[in-house]
Amino acid sequence: MDFFHSLILVLDSTVRLSIPLLLAALAGLYSERSGVFDIGLEGKMLAGAFAAGAAAAVTGSAWAGLGAAMLISIFLALVHGFASITHRGNQIVSGVAINFIAAGSTIILGQAWFRQGGRTPSLPGEARFSSIDLPFAEAVRDVPILGEVYSELISGHSLLTYAAFLLVPFTWWVLFRTRFGLRLRAVGENPAAVDTAGISVSWLRYRAVICTGVLTGMAGTYLSLAQNAGFVKDMTAGRGFIALAALIFAKWRPVPVMFACLLFGFLDAFAIRIQGTPLPLIGQVPVQFMQALPYILTVVLLAGFIGKAVPPRAGGVPYVKER
Amino acid sequence: MAETAIELKGISKSFGAVHANRNIDLKIEAGTIHGIIGENGAGKSTLMSILYGFYQADRGRIDVAGKTVTIDTPSDAIALGIGMVHQHFMLVQNFTVLENVILGAEGEALLKTSIAKARSELERLERDYGLEVDPDAVIEDLPVGLQQRVEILKALYRGADILILDEPTGVLTPAEADHLFRILEQLKDEGKTIILITHKLREIMAITDNVSVMRQGAMVATRETAETSVEELAELMVGRRVLLQVEKGEATPGDVLLAVEGLTVKDSRGVTMVDNMSFEVRAGEIVGIAGVAGNGQSQLLDAITGVRKAVSGTVTLDGEPVDLTGAADPADLRERGMAHVPEDRHHVGLVLPFEENENAMLGYHRQAKYLNGPFLNIEAIRADAREKIEKYDIRPPDSRLRTANFSGGNQQKIVLAREMEQDPKVLIVGQPTRGVDVGAIEFIHKRLIDMRDQGKAVLLVSVELDEIRSLSDRILVMFAGRLVGERGPDASESELGLLMAGVEEKEAAE
């Protein structure tokens, strides 16, 4: 029973740690499916987290935070779009630039506005997306196994968590069941086909990066308003890149993206759980190794275990009408 | 007199300094198959892309069904009932046939109903026109012939009355091409207007009602197909010009330096472009390969110079085999005495942003004379470049100038100087005078004759028939990847023209 309880706890924190990855990876999915590679997920998420923290601190409203996060990250997505769609610039360079801008400006603005070393003020409960207890969570707590799964694992997460999981089937539906999704997939594979079919390649790609902005804004908000009580500098800590890895790992498909993010989240949760606990046969494992484990596994998984991940064929290539 | 489906008036289009279309007038009657013929680069595709709204004309007017229209985007063209089958298919490779057909014409925001509607509409089209394709097949699994059928279905699904086909048979086998022509005949019988762009004379004669000829961006003639001939069209297409007669003596062929045996090459789509070719080139002779562009000459050159993998066959350079697996080291071939002037000097022959002196030795940069230990000997390289500039009369005579700033003719001289001055045994030359001004042409021709007289084996591939005739000691004619005939330098233009058009040798002799 003790083991079962620990398992539930690890899974519970798996969910918590997966959500920012999931939102960011779904964000990247829209952009990359349209043929715009986005290495700037990290930066947009970070800027979103800061905007959410700042706006929530000033207004006292979590929703205002979410709105601010989405706005700023849509803005950055449009900057990326302007550079890579309109001006046909290098998408990697543009994405990296956005990461640097976000990393630097959040600290500078944070210090200038709140004077807490780049943090935003710690937020009270009502300015955050706090956990929601689903109906009957308390009542069924004592029911063996199922009760605990329901009350600990399924109930007690923030609104954004449930939204993130709902976005998985929603994204699948958009991608494979709507006109927009058909065109989005087509423009990432062969923009010339879209162009000759009489559809604007640029407008389609802009809409895709706007979707990316909305979702990275949600990811950032989750970090500063749900997982934490305020913005801390560099709080994304590479999650944007892990999300990118999950996206590739899942071959740009929504449901596998969810599982990939859960896997990476689990590795993270597991690492935290066994910190300082000697393992049988191995003994004490250095903390640093456990912290590095998700990254090591990412490399290993990407290097050999997923077969060939074929990106959208026109990914990373600006569309130029050929002469 | 039939109705006019499309009338173009004074269409002009430039890409930078290149006049792709100059003041073009064209009238296409409804319910006919109208051929537009011309050599590669004559401006046919540009003209049709303007009609389809892919490019905008700089000047000119388009009338569709008697009304002047503005076509700014492909969707304008589609709305006017114009459909286009592009030379390179505009299909999403990992989509199904159905998805490709509805893309851009979905109708509703949700796919469910539009897919169901498209499926029944597609079935009707397939039935009516004999265009069977499995609607759920994924494009990348289909052979090119079927992919093309999907393109035609796409246009018909959008309600096209006027169908433009840009070089539709380039990727097809002869049987597939015949099938396509039957489909086109049938579409014509249904009242559709068809515009067929091609550079193949035989197709024009076989299927069109009218034919317009383009040359160097201009429309030079329009004829009723029944009242013209292959000879007349070939003449209009190539353009009769003063023969550039080059002074040359008798050839004195020596040993075989280049031997090609049973060479077969496919292009990246898997279409056989060179089909079991065998020939040899001896020391002290120029062998010219004539043919209309796109009949496999490029692939032949690529295979011989080790750039492209050959399916089968052998190439022997001075008695030693050349690696045809696609892994040949060009530097190694150069060392063994094979110099290569590529067809496309901009993309293959030169690095345009480099200084002239760098391009003048690129590819031979491992030779001791250009090196100073592990470093390049800049002084020696520049001195060498200055020598070549002098000898080949390259203008302006500035070895430090960016290569992009030289004219086409002078750029070509830079390549020729580099390859010829290495004293090769075999010189492979592709389209030596494409885009080269008349003065430089004469010089280049003279240098090629000099090479022959020095006992080099020269293989010349050119789409310029005059050039082939005035330079070659033996002329091989290539059609659809095969050698269809060998002639002496005194063969008449019309005789070669017929061979180039794929008319059987027996018929040509009559």
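Trainee: In what order do the 4 strands of the open antiparallel sheet of chain B run?

Mentor: Good place to start, and keep in mind that this is a predicted model. The sheet is open, and its pairing is antiparallel. Reading across the 4 strands of chain B, the order is β2-β1-β4-β5.

Trainee: Why is one side of β2 and of β5 of chain B left without a neighbour in that sheet?

Mentor: Look at where these strands, β2 (18-29) and β5 (67-69), stand in chain B. Both are at the edges, so each has a single partner strand. The reason you are after is that edge position.

Trainee: Which residue in β4(B) stands opposite B:S12?

Mentor: Strand β1 (residues 4-15) and strand β4 (residues 59-64) of chain B run antiparallel, with 5 bridges joining them. Strands of a sheet pair through backbone hydrogen bonds. Opposite B:S12, in β4(B), you will find B:R59.

Trainee: Which are the edge strands of the open sheet of 6 strands in chain B?

Mentor: Begin with the order, which is β6-β7-β8-β3-β9-β10 in chain B, with mixed pairing. An edge strand here pairs on one side only. That description fits β6 (82-85) and β10 (218-224) of chain B.

Trainee: Do β7 and β8 of chain B run parallel or antiparallel?

Mentor: Strand β7 covers residues 162-166 and strand β8 covers residues 193-198, and 5 bridges join them. You can follow the pairing at B:D166, which stands opposite B:I197 in β8(B). These two strands of chain B run parallel.

Trainee: What angle does the direction of helix α1 of chain B make with that of β8(B)?

Mentor: Helix α1 (residues 44-51) of chain B packs on the sheet, touching β3 (33-38), β6, β7, β8, β9 (210-215) and β10 of chain B. α1(B) also lies across β1, β2 and β4 of chain B, running at about 115° to β1(B). With the direction of β8(B), the angle is about 150°.

Trainee: Which strands of chain B does helix α5 lie across?

Mentor: Find residues 144-157 of chain B, which make up helix α5. This helix runs at about 170° to β6(B). The strands that α5 lies across are β6 and β7 of chain B.

Trainee: What area is buried between chain A and chain B?

Mentor: The contact takes 24 residues from chain A and 29 residues from chain B. Carbon and sulfur atoms give 59% of the buried area. The area itself is about 2200 Å².

Trainee: Which residue of chain B forms a salt bridge with A:R185?

Mentor: Between chain A and chain B the count is 3 salt bridges. In the one with A:R185, the closest N and O atoms are 3.5 Å apart. The partner is B:E99.

Trainee: Which helix gives the largest share of the side of chain A that touches chain B?

Mentor: α6 (159-177), α7 (179-189) and α8 (191-196) of chain A each supply at least two residues of that side. By class, the side has 10 nonpolar, 4 polar and 10 charged residues. The largest share is 6 residues, and it comes from α7(A).

Key: Residues are numbered from 1 along each chain as its sequence is written. Chains are lettered from A and ligands numbered from 1 in the order in which they are written. This is a predicted model: local features need pLDDT of at least 70, side-chain atom pairs count only at pLDDT 80 or more; totals for chains, interfaces and linings use all residues. Side-chain values use heavy atoms; hydrogens and water are left out. Contact means heavy atoms within 4.5 Å. Buried area is the accessible area (1.4 Å probe) that two parts lose on being put together, summed over both. A salt bridge is a side-chain nitrogen of Lys or Arg within 4 Å of a carboxyl oxygen of Asp or Glu. Ala, Val, Leu, Ile, Met, Phe, Trp, Tyr, Cys and Pro count as nonpolar, Asp, Glu, Lys and Arg as charged, and the others, Gly among them, as polar. Two strands pair if DSSP finds at least two bridges between them. Axes are lines fitted to C-alpha atoms, for helices over the stretch in contact, and angles run from 0 to 180 degrees between N-to-C directions.
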